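Okay, thanks for coming, everyone. I'll put the structure up on the screen now, and then we can walk through it together.

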Amino acid sequence: MPEEVRAVVARTAMQPVEVVTIGVPDPGPGEALVKVQACGVCHTDLHYREGGINDEFPFLLGHEAAGLVEAVGDGVASVAPGDFVVLNWRAVCGQCRACRRGRPWYCFATHNATQKMTLDGAPLAPALGIGAFAEKTLVAAGQCTKVDPRVRPEVAGLLGCGVMAGLGAAMLTGGVGPGDAVAVFGCGGVGNAAIAGARLAGATTIVAVDVNAKKLDWARAFGATHTVDGSARDPVEAIREFTGGNGADVCIEAVGNPKVFEQAFFARDLAGTLVQVGVPTPEMRVELPFIELFGRGGQIRPSWYGDCLPDRDFPLLVDLHLQGRLPLEGFVSETITLDDVEEAFAKMQRNEVLRSVVVF
Ligand SMILES: NC(=O)c1ccc[n+]([C@@H]2O[C@H](COP(=O)([O-])OP(=O)(O)OC[C@H]3O[C@@H](n4cnc5c(N)ncnc54)[C@H](O)[C@@H]3O)[C@@H](O)[C@H]2O)c1
Ligand SMILES: [Zn+2]
Ligand SMILES: [Zn+2]
């Protein structure tokens, strides 16, 4: 029987989100129905609401979620009813040119549910193919990653997007290793996860840059050894000072701002790596002296979802968390209800939270 559940929808651009009743079909072949237990509020949900991603309204928001599989469709063997899962937006296809060349983290044809959830009979577009500000959601079975059920859902769900993007930017895309000097620009959920990832990977100098003092306090708690208020002093100069005049081995841009990209570019040591994880808008431009691009060497690496493979990385990161080696609980600033999502966007814009998390 198709179900009716409460959910958060953005009907039109720039308008407050609404809590409405939506229709969720029974899972068909390759699909899973998930009872959502927790879902974080990510900046990308706000980008959707503002029409910044595309204009396929109405959107069903929410995509950093964990819950219990309730039912599966024909041919699903990877998960079963009762499994505790984190939802992911990288269910790799195994067939596309990236998968076939052994680089599935770039998969260009990831799976989502085939059937549509609906609002008054019209199809909904789920954020990042997930749509988990809903009591139940329909996804492709490959979007469900089983993890140790002893982890709290509001903590585990955050691995589904921003926290994984930050951890992976440091550990996978940036390849941070023991003894590295790392600088992270922007200390929101993504940047602080990059700091936590750099610490886990053995970096010995971790410089956090932000323009908000509260964010820098959080950065210290996640492992920053030095902090810089980018509104008060030049971050490039400060990073050189903290690294014996050399610059950082890995600089991570987690804002999505061309000026910050330039700072991260110049704050590197020779042959250093710049990881771009902040998402730009279409009108943004960067301009660099061409000779500096060549002369400084190294790498410039955009990072999509931290180059993660959910089935490989989520269980491992949950295990590290349960062993006390990865303080994921520090990202949960508050737990809220479905009715509070609009207010949570405002808190995010006022820089009051790392993550508000809806619990059901
Ligand atoms: N690449 C991916 O796969 C991926 C995944 C999730 C999110 N993101 C993106 O990562 C970015 C960060 O996400 P978030 O959730 O952490 O956002 P956030 O708004 O919580 O954090 C951004 C931080 O940047 C700081 N900041 C703003 N201007 C700055 C400046 N000039 N210098 C230094 N710091 C500055 C803000 O004070 C804030 O702390 C966003 O662009 C988001 O869309 C990318
Ligand atoms: Zn693929
Ligand atoms: Zn997200």
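Let me start with a small puzzle: which residue just after α6 takes a positive phi? That's Gly223, with a phi of about 130 degrees. Before I go on, keep in mind that this is a predicted model.

Since we're at that helix anyway, let's stay there. Helix α6 covers residues 213-222, and Lys215, Trp218, Ala219 and Phe222 are buried in it. Those residues cover an arc of only 105 degrees around the axis, so they sit on the same side of α6. Flip to the other side of α6 and you find Ala213 and Ala221, which are exposed. And what do the buried residues of α6 pack against? They pack against α5, β13 and β14, with β14 being residues 226-229.

Hold on to α5 and β13, because they come back when we get to the ligand, but the whole chain comes next.

We've got 11 helices and 19 strands in the chain. The radius of gyration is 20 Å, close to the 21 Å that the globule rule gives for 360 residues, so the chain is as compact as a globular protein of that length. The C-alpha trace spans about 65 × 40 × 40 Å along its principal axes. Buried residues account for 50% of the 360. If you take contacts between residues at least 6 apart in sequence, 71% of them join residues at least 24 apart.

Now the domains. The assignment gives us domain 1, which is 3-160 + 327-359, and domain 2, which is 168-304. Their C-alpha centres lie 29 Å apart. Where the two touch, seven residues of domain 1 are in contact with 11 residues of domain 2. On the domain 1 side, that's three nonpolar, three polar and one charged.

So where does ligand 1 lie relative to the two domains? It lies between them, because domain 1 and domain 2 both give residues to its shell. There are 31 residues around ligand 1, and the closest are Ala165, Gly186, Gly188, Val190 and Gly256. By class, the shell has 15 nonpolar, 14 polar and two charged residues.

And here are our friends from earlier: α5 (189-200) and β13 (205-210) each supply at least two residues of that shell, as do α1 (43-49) and α4 (162-173). The largest share, three residues, comes from α5. So if you're rotating the model yourselves, α5 is a handy thread to follow: it packs against the buried residues of α6, and it also contributes to the shell around ligand 1.

Methods. Residues numbered from 1 in each chain as written. Chains lettered and ligands numbered in written order. Predicted model: local features only at pLDDT ≥ 70, side-chain atom pairs only at ≥ 80, totals over all residues. Near = placed C-beta within 6 Å. Helix = DSSP H or I, 4+ residues; strand = E, 2+ residues; numbered from the N terminus. Nonpolar A, V, L, I, M, F, W, Y, C, P; charged D, E, K, R; others polar. Domains from an automatic or database assignment. Rg over C-alpha atoms; globule rule 2.2 N^0.38 Å. Buried ≥ 20, exposed ≤ 12 C-beta atoms within 10 Å, placed from the backbone. Arc of directions from axis to C-beta.
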